[in-house]
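Please open the model in your viewer and keep the sequence panel beside it, so that you can select residues by number as we go. We will move from one stop to the next, and at each stop there is something to select and something to look for.

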Amino acid sequence: MRLPSLHVPLFKGLLAGYHDVYGDREPTAAPAVLARLQLPADTPHLPELRSVLAEGRRNHYLSPQTWHDAVRASTD
């Protein structure tokens, strides 16, 4: 977290891991890591990832509708 230049790559790793078939985010650690990242407000998929992680979702494949709901909510 001390190197801001790594915040975007860390975010991309969290996002890719969420969507990976073998992804398994830690329900408490992943949102905490995401909250500490300094990211531009317009970072693609940031609101959606925050939403699904806040709900405690481990990955897209265990609850695919949650991601779709988060996408819909972020475009409303």
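Two residues are said to be in contact, or to touch, when they have heavy atoms within 4.5 Å of each other. Please also keep in mind throughout the tour that this is a predicted model.

**First stop: Leu37**

Select Leu37, which is found in the loop between helix 2 and helix 3. Is Leu37 buried or exposed? Its relative accessible area is 5%, and because buried means under 20%, Leu37 is buried. Now show what surrounds Leu37: not counting residues up to four places away in sequence, Leu37 touches Met1, His7, Leu10, Phe11 and Leu14.

**Second stop: helix 1**

Select residues 7-19, which form helix 1. At 1.5 Å a residue, these 13 residues should span 18 Å, and the C-alpha atoms at the two ends are 19 Å apart, which agrees. Next, colour His7, Phe11, Leu14, Leu15, Gly17 and Tyr18, which are the buried residues of helix 1. If you turn the model until you look down the axis of helix 1, you will find that these buried residues fall within an arc of 165 degrees, so they line one face of the helix. What covers them includes helix 2 (29-36), helix 3 (46-54) and helix 4 (64-75), and you may like to show each of these in turn.

**Third stop: helix 2 against helix 3**

Keep helix 2 and helix 3 on the screen, where their axes come within 9 Å and cross at roughly 145 degrees; the crossing is left-handed. Which residues make the contact of helix 2 with helix 3? On the side of helix 2 they are Ala30, Pro31 and Leu34, while helix 3 brings Leu46, Leu49, Arg50 and Leu53. Sorted by class, this contact has six nonpolar residues, no polar ones and one charged residue.

**Fourth stop: helix 3**

Now select helix 3 by itself and colour its buried residues, which are Leu46, Glu48, Leu49, Val52 and Leu53. Looking down the axis of helix 3, you will see that they fall within an arc of 160 degrees, so these residues, too, line one face of their helix. They pack against helix 1, helix 2 and helix 4. Beyond helix 3, look for Gly56, which follows the helix and has a positive phi, near 85 degrees.

**Fifth stop: His45**

Go back to the loop between helix 2 and helix 3 and select His45. His45 has a phi near 70 degrees, a positive value in a residue other than glycine. With a relative accessible area of 40%, His45 is partly exposed. Leaving aside neighbours within four places in sequence, His45 is in contact with Phe11, Leu15 and Trp67. If you draw a distance from the C-alpha atom of His45 to that of Lys12, which is 33 residues away along the chain, the viewer should show a separation of 9.7 Å.

**Last stop: Ser63**

Finally, select Ser63, in the loop between helix 3 and helix 4, which counts as buried at 12% relative accessibility. Apart from its neighbours within four places in sequence, Ser63 is in contact with Tyr18 and Arg57. To end where we began, join Ser63 to Leu37 with a distance line: the two residues are 26 residues apart in sequence and 25 Å apart in space, C-alpha to C-alpha.

Definitions and conventions: Residues numbered from 1 in each chain as written. Predicted model: local features only at pLDDT ≥ 70, side-chain atom pairs only at ≥ 80, totals over all residues. Heavy atoms only, no water. Helix = DSSP H or I, 4+ residues; strand = E, 2+ residues; numbered from the N terminus. Expected span 1.5 Å × (residues − 1). Buried < 20%, exposed > 50% of the residue type's maximum accessible area, 1.4 Å probe, protein only. Arc of directions from axis to C-beta. Axes fitted to C-alpha atoms, helices over the stretch in contact; angles between N-to-C directions. Left-handed = near helix turned anticlockwise from the far one by under 90°. Nonpolar A, V, L, I, M, F, W, Y, C, P; charged D, E, K, R; others polar.
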